[in-house]
Amino acid sequence: MSSIRLTGMIIWSILCITSSILVRFLTFSTHLGVAMARTVWAPVILWMAGIKLTVKGRENIPAGKQSYIVVSNHQSVIDIPILFYTLPFNVYFVAKKEIAKVPFIGWYMYAMGMIFIDRGSRDKALQSMINAGSLIRAGKSVMTFPEGTRSLNEQIGAFKAGTFVMAEKAGVDILPVKISGAGKIWPSGGFTIKRGPVTVSFGKPISTVGLNDQTRATFIEEVRETVINLS
């Protein structure tokens with residue numbers, strides 16, 4: 001049964017990606033293509049996966065147009081449709097540049113103007129983050145997983161600095177999010193999908209005013225503690 005659900009999710013994703021790219025080139029806008037991920041692709045993926053979703057703290061997100069850097073823990077590949085579905089605004093995400101070459105998902109990301117990071121060297125990665133900050137100031141909200149990789153247990157690992165360099169350059173608030181239970185639905189490194197509950201908890205936006213080279217390490221730990229303590 002798990003393999004049937006996985007096959008259905010792959011087919012649905014390919015159909016949605018193809019449709020979104022077509023819409024992108026017909027409308028010359030990324031907005032509708034990203035909105036389709038939130039309103040069409042993600043809810044069906046979560047339904048196919050058998051997720052019983054609970055969302056807490058959405059009232060912490062102020063109404064109105066505002067850009068955020070969404071900072072979330074990372075347990076599973078299913079985290080991306082979970083965040084697409086639960087966030088009340090279009091969100092872009094940051095990925096290493098090699099993903100742009102991956103069929104379908106890479107094509108979608110490139111067409112929608114997602115942010116690619118060059119990790120070839122520290123200097124290139126830093127410049128990529130600075131460039132990303134400029135895009136965020138122009139109005140994009142982005143989804144980031146500052147642990148850098150999916151956790152193999154329920155523990156939240158150390159946060160890497162890249163997200164926070166980007167936040168400093170963008171000058172926008174950080175929106176902390178905690179996902180609980182996704183790792184049990186679709187564990188890292190596996191292809192078995194199990195039905196079950198997932199909780200998404202949103203904290204209040206965190207200002208990045210005063211964030212700089214000297215305050216960054218303390219700020220990172222404060223944001224990590226905020227995510228850990230969400231329930």
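# A guided tour of the chain

Start with the whole chain in cartoon view, where you'll find eight helices and seven strands. Its radius of gyration is 17 Å, close to the 17 Å that the globule rule gives for 231 residues, so the chain is as compact as a globular protein of that length. Keep in mind as you go that this is a predicted model.

**The overall view**

Line the view up with the principal axes, and the C-alpha atoms fill a box of roughly 50 × 40 × 35 Å. Switch on a surface: the accessible area comes to about 11,600 Å², and 60% of that belongs to carbon and sulfur atoms. Colour by burial and 47% of the 231 residues come up as buried. If you draw contacts between residues at least 6 apart in sequence, 76% of them join residues at least 24 apart. Now colour by charge. There are 25 positive and 13 negative charges, and their mean positions lie 9 Å apart.

**Into the core**

Next, select Ile69, Ile78, Ile82, Phe84, Met114 and Ile174. These belong to the largest nonpolar core, a set of 68 residues, and they touch the most other members of it. Which helix gives the most to this core? Select residues 31-49: that is helix H2, and it supplies eight residues.

Zoom in on Ile69 and show what surrounds it. Leaving out residues up to four places away in sequence, Ile69 touches a long list that includes Ile136, Val142 and Thr144. Another run of its partners goes Thr163, Met166, Ala167 and Ala170, and Ile69 also touches Val172, Asp173, Ile174 and Leu175.

**Helix H6 and its cover**

Several of those partners take you straight to helix H6, so select residues 162-170. Buried here are Thr163, Phe164, Val165, Met166, Ala167 and Ala170. What covers them? Among the covering elements are strands E2 (68-72), E3 (92-96), E5 (142-144) and E6 (173-180), along with helices H5 (122-137) and H8 (216-229). Step off the end of H6 and you land on Gly171, where phi is positive, near 70°.

**Val223, over in H8**

Helix H8 was part of that cover, and Val223 lies in it. Buried or exposed? Val223 has 1% relative accessibility, so it counts as buried. Show its contacts, skipping neighbours within four places in sequence, and you get Val71, Phe159, Phe164, Ile174 and Ile206. Two of these are already familiar: Phe164 is one of the buried residues of H6, and Ile174 is among the core residues with the most partners. For a distance to draw, try Val223 to Ser72: they are 151 residues apart along the chain, and their C-alpha atoms are separated by 10.0 Å.

**Helix H3**

Now select residues 79-86, which form helix H3. This one is mostly covered, with six of its eight residues buried. Show side chains for Asp79, Pro81, Ile82, Leu83, Phe84 and Thr86 to see the buried set. Ile82 and Phe84 should ring a bell from the core selection.

**Two phenylalanines with positive phi**

Most residues other than glycine have a negative phi. Here are two to check against that. Phe28 sits in the loop between helix H1 (2-27) and H2, with phi near 60°. Its relative accessibility is 70%, so Phe28 counts as exposed. Then jump to Phe104, in the loop between E3 and helix H4 (105-111). Phi there is positive too, about 70°. At 29% relative accessibility, Phe104 counts as partly exposed.

**Two glycines to finish**

Select Gly196 in strand E7 (residues 196-202). With a relative accessible area of 17%, Gly196 is buried, the cut-off being under 20%. Where does it make contact? Beyond residues up to four places away in sequence, Gly196 touches Gly50, Ile51, Lys52 and Ile185. Draw the C-alpha distance to Ile51 and you should read 5.3 Å, for a pair 145 residues apart in sequence.

The last stop is Gly64, in the loop between strand E1 (51-56) and E2. At 60% relative accessibility, Gly64 counts as exposed. Draw a line from Gly64 to Lys194: the two are 130 residues apart along the chain, with 36 Å between their C-alpha atoms.

Terms used:
Residues are numbered from 1 along each chain as its sequence is written. This is a predicted model: local features need pLDDT of at least 70, side-chain atom pairs count only at pLDDT 80 or more; totals for chains, interfaces and linings use all residues. Side-chain values use heavy atoms; hydrogens and water are left out. Helices (H or I, at least four residues) and strands (E, at least two) are DSSP runs, numbered from the N terminus. The radius of gyration is taken over C-alpha atoms; the globule rule is 2.2 Å times the number of residues to the power 0.38. Buried means under 20% relative accessible area, exposed over 50%, partly exposed in between (1.4 Å probe, protein chains only). Contact means heavy atoms within 4.5 Å. Accessible areas come from the Shrake-Rupley method with a 1.4 Å probe; for residues, only the protein chains shown count as cover. Lys and Arg count as positive and Asp and Glu as negative; His and the chain ends are not counted. The place of a charge is taken as NZ of Lys, CZ of Arg, CG of Asp or CD of Glu. A nonpolar core is a set of buried Ala, Val, Leu, Ile, Met, Phe, Trp, Tyr and Cys residues joined through side-chain atoms within 4.5 Å.
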